[in-house]
Amino acid sequence: MLSFLIRRLATFIPTFIGVTVIAFAFIRLLPGDPILLLAGERGVSAERYAELQHQFGFDQPVWRQYIDYVIGIFHGDLGTSFSTKRPVLDEFMQLFPATVELGLCAIVLATLIGIPAGVIAAVNRGKFFDQALMSSALVGYSMPIFWWALLLIIVFSGTLGWTPVSGRMGLQYYFDTPTGFMLIDSLLSGQSGAFRSAVSHLILPTIALATIPLAVIARQTRSAMLEVLGEDYVRTARAKGMSPLRVNGVHALRNALIPVVTVIGLSVGTLLAGAILTETIFSWPGIGKWMVDSIFRRDYQVVQGGLLLIALVVMIVNLIVDVLYGFINPKIRKG
Amino acid sequence: MTDSASHPASPASTQKAPPSRLREFWSSFKENRGAVIGLIVFLGFLFVAILAPLLAPYAPDTQYRDAQLVPPFWQEGGSTRFLLGTDAVGRDLLSRLIYGARFSFFIGLLVVTLATSLGVLLGVIAGFAPRWLDTLIMRLMDIVLSFPSLLLALVLVAILGPSLLNAMIAIAIVLQPHFVRLTRAAVLTERSKDYVIAARVAGGRPIRIMFRTVLPNCLAPIIVQAALSFSTAVLDTAALGFLGMGAQPPTPEWGTMLAEAREFILSAWWVVTFPGLCILVTVLAINLMGDGLRDALDPKLKRS
């Protein structure tokens, strides 16, 4: 187990270095002079240009700039947003809970529906139920979520008027956000209706973001269940006269879940990519929208820092999933 | 594969010739009803893309200023002059959708060709290369894969400048690590098999062994991945277009059309609904076909 951990960490470090190189190279690959880009359309005077060049370290050789950049990362210095003048890390920390909240809700919804759907489809293999469920899963898997989100808005916000179109909270509520999670903060605030407002703002983005993971989980559960249902121990359990519910739900599902859990863990990258579209459409103030806005605002320090932090989040989650998977499944450890 | 009798050493020569691989594939593929439907829809879509100038009632960018946001013909206020209605500047929606099929097909084809050729080349090299080069290539792929694909594509487009071509290049770069991993894994399992050792003992040059001996036997998973990547390419390019970082207006690309239509979601449902529906149907057809391909080409996963 220890050697597995070491091996896994040994691939983590070079990947992390590579990610820092890409983030570092990003600003330098942009067409045009980075300082003029940062300065915007008004331009800068010659003295100010030299000053800025020194401030950003562009007067140093490239390898030196890179070393300084990495040292900065370990001190939590990811640059300053050009439009808000706030440190990139602070902005990220403030917006990240919104993305986590949305992502967690989406993954919970996808799991709660996807796993039972996959089990039901596998148990009724080839029958109408299986075909209907798997067809819907394929439609969900093929869904352009930016369009799906717009349709949800047309139907539930426009026609039916049930849910708000954008944001995280009704404007009439104002309270402190110690955790950053609206569902928790609205309860802590004690204001009546605040929690309801938080939930109603969450519903549509959650559905939009959950659609693709839901389809993936349902398909994965079905195929994992089918594999397990043919095993001897399932036949034995059946032969012992256990109820189908117990055989399918306990004996089979528990073993089928191992690959499914991995799929759920590894879908973090997909969720973050989906969050870019979902957050933009629903004006959800998370890191996906922040990145898109910053690209359009040409706030490249933010793009650089955000790129690094998001990759880091994905890498850490993947590492945790791999290690957990190694714990559950000894075959992987040897690999 | 056609005539086993010409190889007297082949043990199969005494038995009945096996059915050709293509026929075997087809008989397996056509069993899957969904895959056949997907194929038909895909061919229809290809047909529309090729014949767009003949099928479209109007040019995609002609603006009829007297007919802005006309609803589809079955709705009140619509007319058969514009079957699916018009957009905010009076362009015929149906014609734009038909021309959009051209873009999507072209996007899918180019992105998959780029991603596959680059990915397969790197994958074969990694599979045969000395350890350090193999490690280097695979670590590079890990780095690309540790960014959410759409985010990396967005950033690449920010570097290259927003245009359809740059969006396609960005998506090809983001997709190719999957091909590298797949090809390398297939090469590694094939490499130690007897026929490869025989080819090597017979004095085959390394390049020939890599691409003529081993690669053809690794193709099945690569073809499946290419088919499924086609749908990812269409979807992600549309997403970039939707975010304003792909094809630029007035290109009748479906994602870009959706972006232009966004402000009318609550007043003119048709400008939003139809482009997205086209994307969904196309992607769905390709995925159905891809599932059928996988079942037919990959016996391990067959009919699970």
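Buried residues account for 49% of the 304 residues of chain B in this predicted model, and the secondary structure of that chain comes to 12 helices and 0 strands. Read along the sequence, chain B therefore appears simply as α-α-α-α-α-α-α-α-α-α-α-α, given that runs of helix and strand are numbered from the N terminus. Its C-alpha atoms fill a box of roughly 75 × 45 × 35 Å along the principal axes, and, among the contacts in chain B with a separation of 6 or more, 68% are made by residues 24 or more positions apart.

Chain A can be described in the same terms. Its secondary structure comes to 15 helices and 0 strands, and its C-alpha atoms occupy a box of roughly 85 × 55 × 35 Å, again taken along the principal axes. Of its 335 residues, 47% count as buried, while residues 24 or more positions apart supply 71% of the contacts in chain A with a separation of 6 or more.

Within chain A, helix α12, which covers residues 268-281, deserves a detailed look. At 1.5 Å a residue, its 14 residues should span 20 Å, and the C-alpha atoms at its ends are indeed 20 Å apart, so the expected and computed spans agree. The helix nevertheless carries a kink of about 30 degrees, centred on A:A275. Because 13 of the 14 residues of α12(A) are buried, this helix is largely enclosed by the rest of the structure.

One of the elements that α12(A) meets is helix α9 of chain A, residues 194-229, and the axes of the two helices come within 10 Å and cross at roughly 145 degrees. The crossing of α9(A) past α12(A) is right-handed. On the side of α9(A), the contact is made by A:P205, A:A208, A:L209 and A:P213, and on the side of α12(A) by A:L271, A:G274, A:A275 and A:T278. These contact residues divide into 6 nonpolar and 2 polar, with no charged residue. A:A275 thus appears both as the centre of the kink and as a participant in the contact with α9(A).

The backbone beyond this helix also calls for attention. Most residues other than glycine have a negative phi, and most peptide bonds are trans. Just after α12(A), however, A:S283 takes a positive phi of about 45 degrees, although this residue is not a glycine. A:S283 is placed in the loop between α12 and α13 (287-297) of chain A, and because its relative accessible area is 32%, it is partly exposed. A second case is A:R298, a residue other than glycine whose phi is near 55 degrees; A:R298 lies in the loop between α13 and α14 (300-328) of chain A, and its relative accessibility of 48% is why it counts as partly exposed.

Chain B offers a backbone feature of another kind, since the peptide bond from B:P249 to B:P250 is cis, with omega near 5 degrees. B:P250 is found in the loop between α10 (219-242) and α11 (254-261) of chain B.

Finally, A:Q131 brings the two chains together in a single residue's surroundings. A:Q131 lies in helix α6 (residues 128-141) of chain A and, at 42% relative accessibility, counts as partly exposed. Leaving aside its neighbours within four places in sequence, A:Q131 is in contact with A:G126 and, in the other chain, with B:R33. From A:S3, by contrast, A:Q131 is 128 residues apart in sequence and 44 Å apart in space, C-alpha to C-alpha.

Methods
Residues are numbered from 1 along each chain as its sequence is written. Chains are lettered from A and ligands numbered from 1 in the order in which they are written. This is a predicted model: local features need pLDDT of at least 70, side-chain atom pairs count only at pLDDT 80 or more; totals for chains, interfaces and linings use all residues. Side-chain values use heavy atoms; hydrogens and water are left out. Helices (H or I, at least four residues) and strands (E, at least two) are DSSP runs, numbered from the N terminus. The expected span of a helix is 1.5 Å times one less than its number of residues. The bend at a residue is the angle between axes fitted to the seven residues ending there and the seven starting there. Buried means under 20% relative accessible area, exposed over 50%, partly exposed in between (1.4 Å probe, protein chains only). Axes are lines fitted to C-alpha atoms, for helices over the stretch in contact, and angles run from 0 to 180 degrees between N-to-C directions. A crossing is left-handed if the near helix is turned anticlockwise from the far one by less than a right angle, and right-handed if clockwise. Contact means heavy atoms within 4.5 Å. Ala, Val, Leu, Ile, Met, Phe, Trp, Tyr, Cys and Pro count as nonpolar, Asp, Glu, Lys and Arg as charged, and the others, Gly among them, as polar.
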